[in-house]
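Q: I'm new to this structure and would like a close look at one part of it, followed by a short tour of what else is worth seeing. Please explain the terms as you go.

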Amino acid sequence: MNAGLWLLSVALAEPVAFVGATLHPVDRPAIEDGVLVVDNGKIVALSQTVPDGMRTVDLTGKHIIPGLVDTHSHIGGARLNDDLAPIQPGLSAIDAFDPTHDSVSRARAGGITTVNVMPGSGKLMGGQTAYLKLRDSAVVDDLLMCSDLAAPFEQSEGPARRTGVCGGMKMANGTNPQGPGHDPKSRMGAAYLQRKALGEGQDRLEQLSSGDGPDAPALDLDALAQLVSGQRTVHFHTHRADDIVTIAALRREFDLDVVLHHVSEAWKVPDLLAELQLPCSLIMVDAPGGKEEALQIALENGALLEEKGVPVAFHTDDPITDSRLFLRSAGLAVRAGMSPEGALAALTLVPARMMRLDAAVGSLTPGKHADFVVLSGTPLSSWTLVEQTWVEGELLFDRSTPEGQRLATGGRPGLQMSGVDGRTSSGAVQ
Amino acid sequence: MSMWALWIAGAAVSAPALADTLRISGEAVHTVSGEVIEDGAVLVVDGVIAAVGPTADVPRPAGATELAGAVVTPGLIDGWATAGLTGPHNHTPDQDHAERDEPVRPELRALDAWHPRDPLLGWLRGFGITTVHAGPSPGQPVSGRTLIVANKVGRVGDVALEPDAFVVLSLGDGPKHRFSGQGTASRMGSAAVIRQALVEARDYAQRRSLPVADRPPEDLGMEALVDLLEGRRRALVHAHRADDLDTALRIAEEFDLDIVLAGGAEAWLMADTIADAGIPVLVGPVMARSWREGEQRNSSFSCAGVLADAGVQVGFMSGYEGYVPKVRVVLWEAAVAGANGLGPERTLQALTLDAARILGIDDRTGSLDVGKRADLVVYDGDPFEYASHACVVVVGGEVVSESCR
């Protein structure tokens, strides 16, 4: 990190104009040789002129995109499949997330600034997910993105404590949550148990809404009630077309807010997805197979859903794909026919909407958080490298430093490179 | 022989029809062995490259099939794949990449499990992988022998470039997991098992020269290892950690083996040592899931670039995948290495001519030169760009894919 940038990252009080780069705001057309003004962790303006006397950072020739939003990740070093029961809504990924884990720093090295860290797909309802801003802190609470329960759809500003809904709910169907060693053992059993649990959520919601509510909180039931009330989004792991259809039925029966994840066979039911406007967060893998449900996955899913008007995002499912290569997912989708604009939106604004965080993140828009990524070239070129990642006006990844180089390319801390002593850029010992 | 003369010779053989004659032109023709030809063309007759040069200089026989695109390169080579032995289903009937009974099985031959209609091979073919070095998966201290094969459907004897190539050795985590109950629960064990097998083969060779009555019965596995000891065969040694790579070099030196290193997650940490030893490396996977614990945790996107900078000959391999995705596409693996230090020219060379040299097939493929097999790919742009497509794939003169993938 050069001295200028270092000073900048600690001196947040002063407004700064990033000049010379092509800006890709996502919610409006690209601006060549643009000026991005940042103040106090927020984006203040996008223009083509520098305000009088403002300090500037020259990024001539670079490209700036919004911080990437990953709707489905398993970073943070945790074991994310527990085995308490097929339905375990009271668990939370927040309790298993280590912000100092190297995978978190690597996600920033890929330009990811907002992430949904999820329990695994080994259970029908694996637990609550965590919406996290990848701020520089060892305390998970400092990373949480919560909506206030009193005003459920208003995103609270800045670091939030766990007073509201700070994530979604992971659900899964298909083969992953099926036995043989445990229940359910069939798709019938899966749908039955999910219906039963959601029905219990409806009962609980009625209780909570009535004048003389329940005496004590109930971890599982209260979380289920948040699903059927629409306060908490369901992130539903699914591959096969018939499993997608089952989710459509559950959504209708229980009025759920649902995002589909992976959606390998989306291409078989595009009209259903379009009619219901079911948001799809796709995984892009390099070949079909490896599990039965992924035999018919198609690189063309993104293009087809875009054409049909279905909201499309991509996710890493890190470690299935590498957070540092998240831009690549969109690149492959363009190869298979998606528009470059749609593909970039599928890494930023659309996933932000899927997490209901789009008032704060997902585009370079005045008033939103100053989360942005400086790229060496056009956003979806295979030759383009992530050079810097800024989170709320702080430079938290810089490829030009030895530590940044290590994070961007590989190697564990302290194992190999001169100048690296086993500490992260924030000083935490791994 | 001039291009023209060779073309005449080829045409004479295929005189009745020109169905087997292709004329492929591109805005940039990367021969790899020489300069890039702007507005170039390649003439293919009977499966062989008959002419290469500027468009104006390459004959246009009447009746030849004309194909064109932005960029033409040699066909890509997957340095070590299990595709063709493993299908996309993770079910036993579809998986033939490994034996799990004993740690030493050099009698196995990939040839006998080659499944040219494996959909994974079709997947790779669509992206321009025209030659596959197929072998048993890593993980057995001494495993079977590999097959170098053209990626098209046919009897294996007809499409093989080398029906019985390397013998596969493995160090590191694989043998520890797979044969821990049979003396390889530690790295000491794997190395000892390999050494013991080689010592037994040396002894076997001596006893086979005894009078008939005293000779041991013929042993297919021992024969393969004797070939290795006597320099008629090479070893493909899978190792990721630097100390495992070092063990491979040590064993190679002890037994005077000719080896190629494969995997090489930490090869970048000892690039100069490997360069000094003059041993090539097939790198893979580049996009390793490296934040998990294990021998690949210190892998680097820059590995191939660091090795090439040090003077190591580098190729890429897809290797074995037990989960999603079931196969890796070396075009895309290499692209990541390309953007992280290897650069476009060296990346293309690693996927083509250098891979061919490493595998010992550069007399037949790996570059666009007159007399070589017509293995080539036509792209609509920079081959390594995510958004480019492989639009025509030719294997041994046969157009095997014509949809832009």
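A: A word on names to begin: helices (H or I, at least four residues) and strands (E, at least two) are DSSP runs, numbered from the N terminus. What you see is a predicted model, in which local features need pLDDT of at least 70 and side-chain atom pairs count only at pLDDT 80 or more, while totals for chains, interfaces and linings use all residues. Residues are numbered from 1 along each chain as its sequence is written, and chains are lettered from A and ligands numbered from 1 in the order in which they are written.

Let's start with helix α2 of chain A, residues 102-109. This helix is mostly covered, with 8 of its 8 residues buried. Buried has a set meaning here: 20 or more other C-beta atoms lie within 10 Å of the residue's own, whereas 12 or fewer make it exposed and anything in between partly exposed, with C-beta atoms placed from the backbone. Among the buried residues of α2(A) are D102(A), V104(A), R106(A) and R108(A). The buried residues of α2(A) pack against β8 (112-117), β17 (386-391), β18 (394-398) and α11 (402-409) of chain A. Just after the helix, G111(A) takes a positive phi of about 90°.

The helix also has a part in the meeting of the two chains. That contact takes 33 residues from chain A and 35 residues from chain B. On the side of chain A that touches chain B, α2 and α8 (326-335) of chain A each supply at least two residues. The largest share of that side, 5 residues, comes from α8(A). Sorted by class, the side of chain A that touches chain B has 14 nonpolar, 10 polar and 9 charged residues. Here Ala, Val, Leu, Ile, Met, Phe, Trp, Tyr, Cys and Pro count as nonpolar, Asp, Glu, Lys and Arg as charged, and the others, Gly among them, as polar. Two residues are in contact if their C-beta atoms, placed from the backbone, lie within 7 Å.

Now for a sheet in chain A. It is an open sheet of 6 strands in the order β9-β11-β12-β13-β14-β15, with mixed pairing. Its edge strands are β9 (125-128) and β15 (312-315) of chain A, each of which pairs on one side only. Two strands pair if DSSP finds at least two bridges between them. At the β15(A) edge, 4 bridges join this strand to β14 (residues 280-283) of chain A, and the two run parallel. Within that pair, S281(A) stands opposite A313(A).

Follow the chain into the loop before β14(A) and you meet Q277(A), which lies between α6 (270-276) and β14 of chain A. Q277(A) has a positive phi of about 50° although it is not a glycine. Most residues other than glycine have a negative phi, and most peptide bonds are trans. Q277(A) counts as exposed because it has 10 C-beta neighbours inside 10 Å.

Past the other side of β15(A), the loop between β15 and α8 of chain A holds P319(A). The peptide bond from D318(A) to P319(A) is cis, with omega near 20°. Another cis bond runs from D183(A) to P184(A), with omega near -5°. P184(A) sits in the loop between β11 (169-172) and α3 (187-209) of chain A.

One more stop in chain A is L344(A), in helix α9 (residues 340-345). L344(A) is buried because 23 other C-beta atoms lie within 10 Å. L344(A) and A330(A) are 14 residues apart in sequence but 6.6 Å apart in space, C-alpha to C-alpha. Leaving aside neighbours within four places in sequence, the contacts of L344(A) include H24(A), I65(A), A330(A) and L380(A).

Finally, look across at strand β15 (residues 376-379) of chain B, which is covered on both faces: L376(B) and V378(B) on one side and V377(B) and Y379(B) on the other are all buried. Strand β4 (residues 65-74) of chain B joins β15(B) through 4 bridges and runs antiparallel to it, with P74(B) as the bridge partner of L376(B). β15(B) also pairs with β16 (residues 390-395) of chain B in the antiparallel sense over 4 bridges, and here Y379(B) stands opposite A390(B).
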